[in-house]
Amino acid sequence: MQEMIDRLRSEASAATAAAGDDAALEAVRVAVLGRKGSLTALLRGLKDLDEAARREAGAALNVLKEEISAVIEARQAELGGDRPAASSGLDLTLPGRAPAPIGSRHPLLTVLENICDIFHGMGFSRDEGPEVELDYYNFTALNFPDDHPARDIQDTFYFNDKVLLRTQTSPVQVRMMERREPPLACIFPGRVYRNENADASHSSEFFQVEGLVVDRSVSMADLKDTVDTFVRNFFGASAPTRFRPHYFPFTEPSVEVDMQCILCGGKGCGVCKQSGWLEIMGAGMVHPNVFKAAGYPDDRYTGFAFGMGIDRIAMLKYGITDIRLLYENDLRFLNQFRGVQ
Amino acid sequence: MKISLDWLSDFVDWTDETAVLAARLTAAGLNVEGIEQINKTFPGVVVARVLEREKHPDADRLSLCKVDDGTGAPVQVVCGAPNVRAGLTVLFARVGAELPGDLRIKKSKIRGVESHGMICSAAELELSLDGAGIIELDTKLPNGTPADDLFGFKDTVLEVEVTPNRPDWLSHVGVAREVAAIYGTKMSLPPVFNAVQGGESLGVKVRVEHYADCGRYTAWGLQRVKIAPSPRWMQNRLLAIGARPINNVVDITNYVMFEMGQPLHAFDRGQLAGNAITVRRAPKNTSVQTLDGQTREVEAGTLMVCDEKGPVALAGVMGLGNSEVSEKTTEVLLESAFFNASLVRKASRRMGLISESSYRFERGADWDMVERAALRALQLLQEHAGARIVPDWADRHDPDHRPADPLPLRVWQVNRVLGTAVNTGQVAQILQRLGLKVQPMGNAESISAGAVNMMVQVPSHRRDLLMEVDLIEEIARIHGLDQLTGRGGYRVPGGAVRRPQDVARDRLRGWLSSCGYTEIVTSSFMEAGDHDKLALAADDARRATLAVVNPRHGGDTQLRTVLAPSALAVSRRNLNAGATPPLRFFQINRVFRPGQPLGRDTRHADEALLPAEHEYVQVIVAGWRDTGLGGLPCDLLEIRGTVEAMAGHLRLPLTLEAGTDESWLDAGAAWSVRAADGRVVGVAGRVAPGVLAAFDVDGPVALAEVRLDDLDLTPAPARFEPFTRFPAVKRDLSLLVPAEVAYGQIRDTVDSSGGPFLESSELFDFYRGKGVPEGQAAFGIRLKFRSPKGSLTGETVDAAIGEILTALKDRWAIDPRG
Ligand SMILES: [Zn+2]
């Protein structure tokens, strides 16, 4: 019996493959699966076997029947996919007409909006500041001492001694605190600038989202919760984050936040340089000197702030290997983000 | 910064393997970015003695030698070094030896003579950069002793990222302190010299002009110095952390700096003029030759170290060539000082000269280390440069210098900021592990807002700890940031409301991309000459730009005042890349207009220096050459339609009015966009052919832009109005229109003469050509009449149409067709 099944299987696939049009394929189907087909005949012959053999052969034949049907179906798809409906004679394979062509949102700004949406859901309001900033807001009010190496971390475009292109979205923190009393929970997305030459991972213009929370008694633990909630929502993973102590003049304590590498799940890969971790933001507790610059009374409030680079997150999310692609505006790149919201 | 673990283990013990140590340092804030294993080994290379040396029979420059490599029988080897001779003790690579650079020694024939190995030079073993000849060893070790016993070296090096607030981590001792704090163990400082030798006096007087510039200056004398290579172990450690060995004196000053963090400088005493050293500002611009051989301009006001003739060092940055230690040096003046961070930084910036010394001084030196580091160096110089230390030393320091005041610490505030529940005992213990002195205050256990629980004395190497919150950070680091457990996330009371501009921008992005437009992000900079290419008038206010004074090499400097050049550049790029037109793009981006009102409330007096930042939405259709209704170019039709639909989509009353004075648009194919109050808030139209040519765009471009920050983006509210359910009567008008009459004029006439029941009029056909008389066009207009009171009779509608036709005839000489 097994021998017959095997032979039928190979004969049926050969005949199916040889069928050059629908009619030929239909003939194959009838010859094998039809009422008088060879497989049907074998099924009929089962009754002559004893019970054990019958059960075994019956199961095998049913499997074969499925296989052959699938092979015929696949061949049918190969031969023409959608076929004109015999009844109407309309060629339903012709392309449709869209109400409008398809465009796309820029992946950077999509990521930026997604991030803002998550924080909006957590109760954060949104604001922006100027891109051409005073040295005062970009550095001095953020507790960067004059003529201190902390300023070297960020190569700055200057227009004169007092005016520069902001190197970070953090100056909006001070502008916000000057105007409003806590409780505050805000995010500040926007474009920032660094005076450096472009390469695959650096661009002199890029985007950040800054966050600020100030109240009577918010803590570093609240910061950790907020960051974890964001990471869970944005990256989907239940990946834990890791706080590493760091230094930013305008926060104290300061940390860098790492998340488990989304590409390798923490095992280590090229993207995370085998560490299993990806740095996603800088954060910390608002420095008392920043509160002082904003005009808040000593000791009344505590707060936390965080900032992340949108470009890097977009590159991670979409597997983009060269930051310059984000600013070249080439349709061969941008068209890949059609429908990405 | 690189840290050698071999070196580090001089000062502190730890038990973890390297990866764990690295992880713990990273968790404490000293980010370990890389771990490098160094294993310098020379398999098959041994100590040997040259027994005989003769000339090679067939080559003038080669020698034929017999060496004893400890195996018994003399080995024949060909050698090319000029200094090889009988009796030398050398390093010999046997057949099968492996040398750096994957060089394997094989038995070979050189000019017909067999050679069984190689006598090695220092360069071949990568022991030095000097490859002049073979190594001449001075050792009594027996032949056959492995070279590893002399030169083998194993180490593990951590590459660490040191943040600007932690200059104390720029040394092995500083990192050892951190390791001790992490593991709760003790660390020990390097031993210091305390025996004084010699009888002569230093004979140098030191003067510091202003203690604010240099809080302390010490000078130490050394005599009978023998300049030679530094010991192998020191060279190995320096090489391991990426420093280049030079000679014993220079290496020792560098070694002590990397070990203890204090930069030192060695002067050749014989080259110093007179017997006085003065630390003072340069009175006027001068030019000097620095140790790196370059001539540099020094600005007036730069802090200098001078002898009686003039400058001998740029204080804290680099020594000068005139007093450099050389092979001939026999007397050394060693400087260990505390220079003002800001002055060192300014000098280093101005001259573009960043040295290991300036890097440390500008981040802040350690007062207490000035003397200790000098003593350490003296000890090493005595041991490894044969130096004799003179008994006295010069020390000038600010008499008003005081240690930092103790900082008050409230445990209540620690827990408030961190969200922890630590107690006074835990806090004190952590601070003590970090080497801070803790003085309990009042009721140490009382945790309340006002209670200071302890006073904390900060040592001189932690001058970054200035206030309570700095101590809180230390507690967080050592307590462990992974210990933080939150309350489920901070939620701001009341939640947030989206601002109209955010809603509008988001909707524009969504809608325009659904309409086939692709969003672009373009640079805020413009190219020089863009304004000329746009043919902006000479007095156009947009010609005033802000320019960066320190651009990237070759980068653009001016901030854009117009978006159009970026639209043209993106069109050109994609048309040239062969994208199929029509290409549709949009952007929401800013331009920067100096001297314009900011349109926001300001707090800081200098804000008047900032430019206004105007945000535009711009839509672009490029490369579309087809024409549509009325012979109008399709791109122009679409741009107009897009602006109108955009207004509808945002529920903003924007209107287009033919004509604009925008120089870069084609005057006959452009509109002004007006807001409800009549202000012009944008333009739309085709880019003028001359401008397209100037930007090298091969194809037409139509675009529209509307300034968003100038509009109230709150959508007009929706309010229901009752509508009539009686049926409408539709009538089509077919008109013959003289060519000079515009559709807009017909539309206005129809609307004003159609009577109370005319609900709408709509152009459904436009035709010019065969079947229509020359100089005329055929318009098809669909009219809809409706009454709220009941069904309209044919007579009422006919009467209304009669009025319309009469008006069209009277005003524009338009006749019904056929
Ligand atoms: Zn990974």
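## Chain B: surface and extent

Chain B has an accessible surface of about 37,400 Å², and carbon and sulfur atoms hold 49% of that area. The model is predicted, and the values below are computed from it.

The secondary structure of chain B consists of 19 helices and 39 strands. Its radius of gyration is 42 Å, whereas the globule rule gives 28 Å for 818 residues, so chain B is more spread out than a compact globule. The C-alpha trace of chain B spans about 130 × 90 × 55 Å along its principal axes. Of the 818 residues in chain B, 50% are buried. Among contacts in chain B with a separation of 6 or more, 69% join residues 24 or more positions apart.

## Chain B: domains

The domain assignment divides chain B into domain 1 (2-40 + 154-183), domain 2 (45-151), domain 3 (205-397), domain 4 (407-482), domain 5 (500-598 + 608-707) and domain 6 (729-816). Domain 1 and domain 5 are each given as two segments. Between the C-alpha centres of domain 4 and domain 5 of chain B there are 58 Å.

## Chain A: overall form

Chain A contains 12 helices and 9 strands. Its radius of gyration is 33 Å, against a value near 20 Å for a compact globule of 341 residues. Along the principal axes, the C-alpha trace of chain A extends over about 100 × 50 × 35 Å.

Buried residues account for 54% of the 341 residues in chain A. In chain A, 65% of the contacts with a separation of 6 or more are between residues 24 or more positions apart. The accessible surface of chain A is about 14,800 Å², with 51% of it belonging to carbon and sulfur atoms.

## The zinc site in chain A

The zinc ion has four protein donors, the SG atoms of Cys261(A), Cys264(A), Cys269(A) and Cys272(A), at 2.2 to 2.3 Å. Along the chain these donors follow the spacing C-x2-C-x4-C-x2-C. The angles subtended by the 4 donor atoms run from 101 to 114 degrees; the arrangement is therefore tetrahedral, as all angles must lie between 85 and 135 degrees for that class. For comparison, the ideal angle for four tetrahedral donors is 109.5 degrees.

Two of the donor residues can be described by their accessibility. Cys261(A) has 2% relative accessibility and so counts as buried. Cys264(A), with a relative accessible area of 12%, is also buried, because the cut-off for buried is under 20%.

## Trp277(A) beside the zinc donors

Trp277(A) belongs to strand 8 of chain A, which covers residues 277-286. Its relative accessible area is 25%, so Trp277(A) is partly exposed. Trp277(A) and Cys261(A) are 16 residues apart along the chain, yet their C-alpha atoms are separated by 4.8 Å.

Beyond its neighbours within four places in sequence, Trp277(A) is in contact with the zinc donors Cys261(A) and Cys272(A). Its other contacts are Pro240(A), Thr241(A), Arg242(A), Asp258(A), Met259(A) and Gln260(A).

## Asn31(B) between the chains

Asn31(B) lies in strand 2 of chain B, residues 31-40. With a relative accessible area of 13%, Asn31(B) is buried.

Leaving out residues up to four places away in sequence, Asn31(B) touches Arg244(A) and Glu256(A) in chain A. Within chain B, Asn31(B) touches Thr26(B), Glu159(B), Val160(B) and Glu161(B).

Key: Residues are numbered from 1 along each chain as its sequence is written. Chains are lettered from A and ligands numbered from 1 in the order in which they are written. This is a predicted model: local features need pLDDT of at least 70, side-chain atom pairs count only at pLDDT 80 or more; totals for chains, interfaces and linings use all residues. Side-chain values use heavy atoms; hydrogens and water are left out. Donors are N, O and S atoms within 2.8 Å of the metal (3.2 Å for Na, K and Ca); water is not among the atoms, so sites may look incomplete. Four donors count as tetrahedral if all angles lie between 85 and 135 degrees; four count as square planar and six as octahedral if opposite donors are over 155 degrees apart and all others between 65 and 115; anything else is irregular. Buried means under 20% relative accessible area, exposed over 50%, partly exposed in between (1.4 Å probe, protein chains only). Helices (H or I, at least four residues) and strands (E, at least two) are DSSP runs, numbered from the N terminus. The radius of gyration is taken over C-alpha atoms; the globule rule is 2.2 Å times the number of residues to the power 0.38. Contact means heavy atoms within 4.5 Å. Accessible areas come from the Shrake-Rupley method with a 1.4 Å probe; for residues, only the protein chains shown count as cover. Domain bounds come from an automatic or database domain assignment.
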